[in-house]
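Hi,

Here is the structure I promised to pass on. Have a look at it first, and then read my notes underneath.

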Amino acid sequence: MKVLVNDGMHATGKEKLEAAGFEVVTEKVEQDNLPTELPNYDAIIVRSATKVRKELIDQCPNLKVIMRGGVGMDNIDVEYARSKGLAVYNTPSASSLSVAELAFAHIFNIARSVSMANRAMPAEGNTAFKSLKKSYSKGMELRGKTLGIIGFGRIGQETAKVGLGLGMQVVAVDPFIPTAALKLEIFDGQCLTVNIDTIAMDDMLAQADFISLHIPFTGKAVLSTEEFAKMKDGVIVVNAARGGTIDEDALLAAIESGKVAGAGLDVFINEPTPRADLLKHSKISLSPHIGASTVEAQEKIGLELADQLIEHFA
């Protein structure tokens with residue numbers, strides 16, 4: 001069986017596939033060239049960059065399996081692929097903790113003005129140290145604050161666990177998950193279970209000091225002008241989910257008005273060319289869609305993909 005790994009894969013996953021007799025090609029094929037190259041493969045493994053749409057599926061009669069290294073599959077026409085007899089897999093749990101930790105990296109950046117100070121220090125740190133210290137000395141602790149989570153699946157629940165570990169109150173919104181029992185694992189093997197019931201969006205917006213999104217893009221923003229108006233003044237918003245789940249114009253307006261104290265963005269509408277006013281804004285903490293990009297997550301993703309593919313063709 002011949003497999004195209006088009007957006008990269010951890011070496012351990014590749015080695016496991018090869019040991020099982022698969023021919024694994026990791027040289028990237030550009031999107032425009034896939035209709036020519038992909039018919040030569042039995043399976044394709046992608047992350048978020050490569051799109052596997054209806055037209056491409058129709059051009060690849062030999063293709064049997066489409067795999068996504070990650071959670072969301074909005075870059076794949078899943079139902080159409082399955083209707084044509086293709087198997088579609090993803091790795092829904094492998095990167096959950098990595099994404100949750102990145103969301104909190106942005107939360108800390110904004111809460112303690114780390115990203116803003118980091119921008120100012122290289123230019124002014126040796127000439128205006130005292131004034132910078134004064135400017136960035138109004139941070140906040142997270143303990144006792146309320147964390148609102150939109151989307152309470154695996155990643156949302158991992159994010160909640162981090163917040164609970166920091167002493168935050170967690171309120172979550174998810175129309176498909178009414179309640180969840182979160183198992184907090186302490187380093188020495190002790191465990192604590194916390195039960196959280198999800199609530200209505202408006203109730204969460206009114207309570208949350210911090211809001212973190214963990215949902216797929218479904219065609220429209222879930223946070224726009226109306227939702228920002230319902231939030232507490234000075235809220236901090238983080239998106240490590242998908243570009244488009246926040247209305248970027250509405251976000252910038254909310255920051256300029258003071259309604260939103262700051263934002264952390266790992267994802268953008270126009271990836272890989274995000275709008276410049278977002279990238280240059282001093283109150284936005286930024287990263288280039290790296291939520292699942294830790295060594296640990298990538299190894300787990302690679303091994304899970306390998307196991308799924310081996311089992312599929314067994």
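Below is what turned up when I went through it, region by region. Keep in mind that this is a predicted model.

**The sheet**

Let's start with the strands. Six of them form an open sheet with parallel pairing, in the order β7-β6-β10-β11-β12-β13. At the edges sit β7 (169-173) and β13 (284-286), each of which pairs on one side only. From one strand to the next, the twist averages 15 degrees.

If you zoom in on β10 (residues 210-213) and β11 (residues 235-239), you'll find these parallel strands joined by four bridges. I211 has V237 in β11 as its bridge partner.

**The cores**

That bridge pair comes up again in the packing. The largest nonpolar core has 27 residues, and I211, L213, L223, F228 and V237 are the ones that touch the most other members. Which elements give two or more residues to this core? They are β7, α9 (201-207), β10, β11, α11 (248-257) and β12 (260-265). The top contributor is α11, with five residues. Another core, of 20 residues, lies apart from it; A103, V170, A180 and V238 are among its members.

V237 is worth clicking on. Setting aside neighbours within four places in sequence, V237 is in contact with I211, L213, L223, F228, M231, I246, V260, G262, A263 and G264.

**The cavities**

There are two cavities of 30 Å³ or more. The largest holds about 50 Å³ of space, and its lining is made up of G8, M9, H10, I45, V46, R47, G69, Q298, I301, G302 and L305. Two elements, β3 and α13 (295-312), each give two or more residues to that lining. The largest share, four residues, comes from α13.

**Y41**

Just before β3 there is a tyrosine to look at: Y41 is in the loop between α2 (34-37) and β3 (43-46). Is Y41 buried or exposed? Its relative accessibility is 7%, and the cut-off for buried is under 20%, so Y41 counts as buried. Beyond its neighbours within four places in sequence, Y41 is in contact with K2, V3, L4, V25, N62 and L63. For a sense of scale, Y41 and A117 are 76 residues apart in sequence, and 49 Å separates them in space, C-alpha to C-alpha.

**Backbone oddities**

Three spots in loops are worth checking on your screen.

- The peptide bond from E271 to P272 is cis, with omega near 10 degrees. P272 is in the loop between β12 and α12 (276-280).
- S113 is not a glycine, yet its phi is positive, near 60 degrees. You'll find S113 in the loop between α5 (96-111) and α6 (114-124). With a relative accessibility of 11%, S113 falls under the 20% cut-off and therefore counts as buried.
- H289 also has a positive phi, about 55 degrees, without being a glycine. H289 lies in the loop between β13 and α13. At 25% relative accessible area, H289 is between the 20% and 50% cut-offs, so it is partly exposed.

If you only have a few minutes, I'd begin with V237: it is the bridge partner of I211, and both are among the residues that touch the most other members of the largest nonpolar core.

Cheers

How values were computed: Residues numbered from 1 in each chain as written. Predicted model: local features only at pLDDT ≥ 70, side-chain atom pairs only at ≥ 80, totals over all residues. Heavy atoms only, no water. Buried < 20%, exposed > 50% of the residue type's maximum accessible area, 1.4 Å probe, protein only. Contact = heavy atoms within 4.5 Å. Pairing = 2+ DSSP bridges. Axes fitted to C-alpha atoms, helices over the stretch in contact; angles between N-to-C directions. Core = buried A, V, L, I, M, F, W, Y, C linked by side-chain atoms within 4.5 Å. 1 Å grid on protein atoms, 1.4 Å probe; cavity = no way out; pocket = protein on both sides within 12 Å on 5 of 7 lines; lining within 4 Å. Points joined across faces, edges and corners; volume = space filled by probe spheres on them.
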